[in-house]
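Welcome! Here is a short guided walk through one protein model, written for someone meeting it for the first time.

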Amino acid sequence: MAQNTVEKVVEKVEKVEKVEEIGVTLLGLGAMGAALGRAWLAAGRPLTVWNRTPARAEALAAEGARVADSAAEAVAVSRLVVVCLLDDASVGEALAGVELAGRDLVNLTTSTPAQARARAEWARERGARYLDGGIMAVPPMIGVPEAGGYVFYSGSRELFERHRETLGVPAGTTYVGTDAGFAALHDVALLSAMYGMFAGAAHAFALIRREDIDPVSFAPLLADWLVAMAPAVHQTADQLRSGDYTKGVVSNLAMQVAGTPTFLRTAEQQGVSPELLSPYFELMRRRLAEGSGEEDLTGVIDLLVA
């Protein structure tokens, strides 16, 4: 009896050793996790999944995924362990007490840069290599190369290179540095810019909301204008690097500040709150008072980080 038990254990270990180099263990089957899992399955990658709510694993099981009864069991199967959970606390809870030694842990859970750095150290103390990721896509873009989705990765360069091909199956990959917090920082920085754009678009639509202007007809004008303005970020970056905020200026700070009252009066006349514009205009006025009127808007950045 004891001999049979030993043989079964040895057989299980041998199977794990064969699978762990090519397979993927995925923890978390929310909308994004499930999309990731389907992409790996479609590519023929052996996939082991675990989710706190077992019912969410049924669809992937029907497509060929192995469903583990616990996070510990799932982690034991593959060298590459991908985590896509609700938040950083969920990662700690799911992996509490789980043996991570020898595992390559890729954390795609949305977190702050500080949380990512702390989680990297947490993984190192447990004998695992760590890579953090920031997903720049929504679930329908996963597994669809032409959709343009990609994932920022930071942390162990060696780990990234080892699994680059597998990680590139669901979406493109962009490595941004050995600092484990850089993927999250790039993620939040881009999303912050996105929300700023959405705020500007919301104000624009609000201005025309009560007029006989079709928002559907207005939308292409707005989209084209935003696209036309987007390259300005390259000049901002160049000015930040050089430290010369007057370099290549077309409309200087003094001129732009002088024009802000028109925007505020227009909002008032249209019955639109200026709350999305006012904070930025205030920063512009502060920078003009402290800096040069001949510079670009780049100096506002220094006010934000001061």
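When residues are sorted by class, Ala, Val, Leu, Ile, Met, Phe, Trp, Tyr, Cys and Pro count as nonpolar, Asp, Glu, Lys and Arg as charged, and the others, Gly among them, as polar. With that sorting, the lining of the second largest pocket divides into 12 nonpolar, 6 polar and 1 charged residues. Please keep in mind throughout that this is a predicted model.

## The pockets

Let us stay with the second largest pocket for a moment. About 350 Å³ of space lies in it. It is lined by 19 residues, and those closest to its centre are M32, L108, T110, I135 and A137. Which elements each supply at least two residues of this lining? They are helix 2 (31–42), strand 6 (129–136) and helix 8. Strand 6 gives the most, with 4 residues.

Now turn to the largest pocket, which holds about 2,400 Å³ of space. Of the 46 residues that line it, L226, M229, A232, Y280 and L297 are the closest to its centre. Two or more lining residues come from each of helix 8 (182–208), helix 9 (215–229), helix 10 (232–242), helix 11 (253–269), helix 12 (278–290) and helix 13 (299–305). Helix 8 provides the largest share of this lining, 11 residues. Sorted by class, the lining of the largest pocket has 33 nonpolar, 12 polar and 1 charged residues.

## The sheet

Next comes the sheet. General background helps here: strands of a sheet pair through backbone hydrogen bonds, either parallel or antiparallel. In this model, 8 strands form an open sheet in the order 3-2-1-4-5-6-7-8, and the pairing is mixed. Why do strand 3 (66–67) and strand 8 (172–175) each have one side without a neighbour in the sheet? Both stand at the edges and each has a single partner strand, so one side of each is left free of a neighbour in the sheet.

Strand 4 is a good place to look inside the sheet. Strand 1 (residues 24–27) pairs with strand 4 (residues 80–83) in the parallel sense over 4 bridges. Along this pairing, L26 stands opposite V82 in strand 4, and V24 has L80 as its bridge partner. Strand 4 also pairs with strand 5 in the parallel sense, again over 4 bridges. There, V82 has V106 in strand 5 as its bridge partner.

Are the residues on the two faces of strand 4 buried or exposed? Both faces are covered: L80 and V82 on one side, and V81 and V83 on the other, are all buried.

Two helices that pack on the sheet can be set out like this:

| Helix | Strands touched | Angle between directions |
|---|---|---|
| Helix 2 | strand 1, strand 2 (47–50), strand 4 and strand 6 | about 165 degrees with strand 1 |
| Helix 6 (residues 113–125) | strand 5 (104–107) and strand 6 | about 150 degrees with strand 6 |

## A few residues to find

H163 makes a link back to the sheet. This residue is found in helix 7 (residues 157–167). Leaving aside neighbours within four places in sequence, H163 is in contact with L80 and D104. Its relative accessible area is 5%. Because buried means under 20% relative accessible area, H163 counts as buried.

Two residues of helix 8 are also worth finding. H203 lies in helix 8 and counts as buried because its relative accessibility is 6%. Not counting residues up to four places away in sequence, H203 touches A267, V272, S273, P274, L276 and L277. Y195 lies in helix 8 as well. With a relative accessible area of 56%, Y195 is exposed. The C-alpha atoms of Y195 and D244 are separated by 28 Å, and these residues are 49 residues apart along the chain.

Finally, look for R56, which lies in the loop between strand 2 and helix 3 (58–62). Leaving aside neighbours within four places in sequence, R56 is in contact with L29, G30 and N51. R56 and G148 are 92 residues apart in sequence, and their C-alpha atoms are 27 Å apart in space.

Notes. Residues numbered from 1 in each chain as written. Predicted model: local features only at pLDDT ≥ 70, side-chain atom pairs only at ≥ 80, totals over all residues. Heavy atoms only, no water. 1 Å grid on protein atoms, 1.4 Å probe; cavity = no way out; pocket = protein on both sides within 12 Å on 5 of 7 lines; lining within 4 Å. Points joined across faces, edges and corners; volume = space filled by probe spheres on them. Buried < 20%, exposed > 50% of the residue type's maximum accessible area, 1.4 Å probe, protein only. Contact = heavy atoms within 4.5 Å. Pairing = 2+ DSSP bridges. Axes fitted to C-alpha atoms, helices over the stretch in contact; angles between N-to-C directions.
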